[in-house]
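Subject: A structure to look at

Dear colleague,

I am handing over a structure that I would like you to look through at your own pace. Please open it first, and then read the notes that follow.

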Amino acid sequence: MDAKDAIDAGINAHRLWKQRLAEAVASGRSEWTPEDVCRDDGCDFGRWLREGIAPRDRATPHFAKVRALHAAFHQSAGQVLRLALGGRRAEAEQAIASGSAFTKASSALVVAMMDWKAARRG
């Protein structure tokens, strides 16, 4: 997969994770464990960052930034899921509310991915 396609797929997948977490918060259930969600190599984008990326793309400052933000997103998402599955719904709702660490991590990741994709046009 080329970088632009991988980045687009990553953006879409991480938007979907926001929905999955909201559903887990509402229901108190998920098919994933917090430990699995915390792993930044458990999703297709994370595997691409670790194993599938071309050396040219790995050598950019965008790679380092996105990789760090991607890891932070997964840690944050895992924490939200831990709260949701632990019956701490009010805390989980706060953890996915606007301005939370999770929404900041999610937004920063998507912006960095879009910047990386835009930089590849040149």
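A good place to begin is G28, which follows helix α1 and has a positive phi, near 75°. Please keep in mind that this is a predicted model, and that the values below were computed from it. A glycine with a positive phi is also found after α5, where G87 again has a phi near 75°.

Stepping back to the whole chain, you will count 7 helices and 0 strands, so that, in the notation used for such elements, the order from the N terminus reads α-α-α-α-α-α-α.

How does the radius of gyration of the chain fit that of a compact globule? For 122 residues such a globule would have a radius near 14 Å, and the chain, at 15 Å, agrees with this. The C-alpha trace spans about 45 × 25 × 20 Å along its principal axes, and buried residues account for 39% of the 122 residues. If you take the contacts between residues at least 6 apart in sequence, 75% of them join residues that are at least 24 apart.

Two of the helices can be checked by their span. Helix α1 covers residues 3-27, and because each residue should add 1.5 Å, its 25 residues should span 36 Å, which agrees with the 35 Å between its end C-alpha atoms. The 25 residues of α5 should likewise span 36 Å, and the end C-alpha atoms of α5 are indeed 36 Å apart.

Helix α1 deserves a slower look, since its buried residues include A3, A6, I7, G10, I11, H14, W17, L21, A24 and V25. To read that list, it helps to recall that an α-helix has 3.6 residues a turn, so residues three or four places apart point the same way. Among the elements that cover the buried residues of α1 are α2 (34-38), α3 (44-52), α4 (55-58), α5 (61-85), α6 (89-95) and α7 (101-119).

Within α1 you will find H14, which counts as buried because its relative accessibility is 2%, where the cut-off for buried is under 20%. Which residues does H14 touch, leaving aside its neighbours within four places in sequence? They are C43, F45, H70, F73, H74 and L109. H14 and S107, although 93 residues apart in sequence, have C-alpha atoms 9.9 Å apart in space.

With best wishes

Note on methods
Residues are numbered from 1 along each chain as its sequence is written. This is a predicted model: local features need pLDDT of at least 70, side-chain atom pairs count only at pLDDT 80 or more; totals for chains, interfaces and linings use all residues. Side-chain values use heavy atoms; hydrogens and water are left out. Helices (H or I, at least four residues) and strands (E, at least two) are DSSP runs, numbered from the N terminus. The radius of gyration is taken over C-alpha atoms; the globule rule is 2.2 Å times the number of residues to the power 0.38. Buried means under 20% relative accessible area, exposed over 50%, partly exposed in between (1.4 Å probe, protein chains only). Contact means heavy atoms within 4.5 Å. The expected span of a helix is 1.5 Å times one less than its number of residues.
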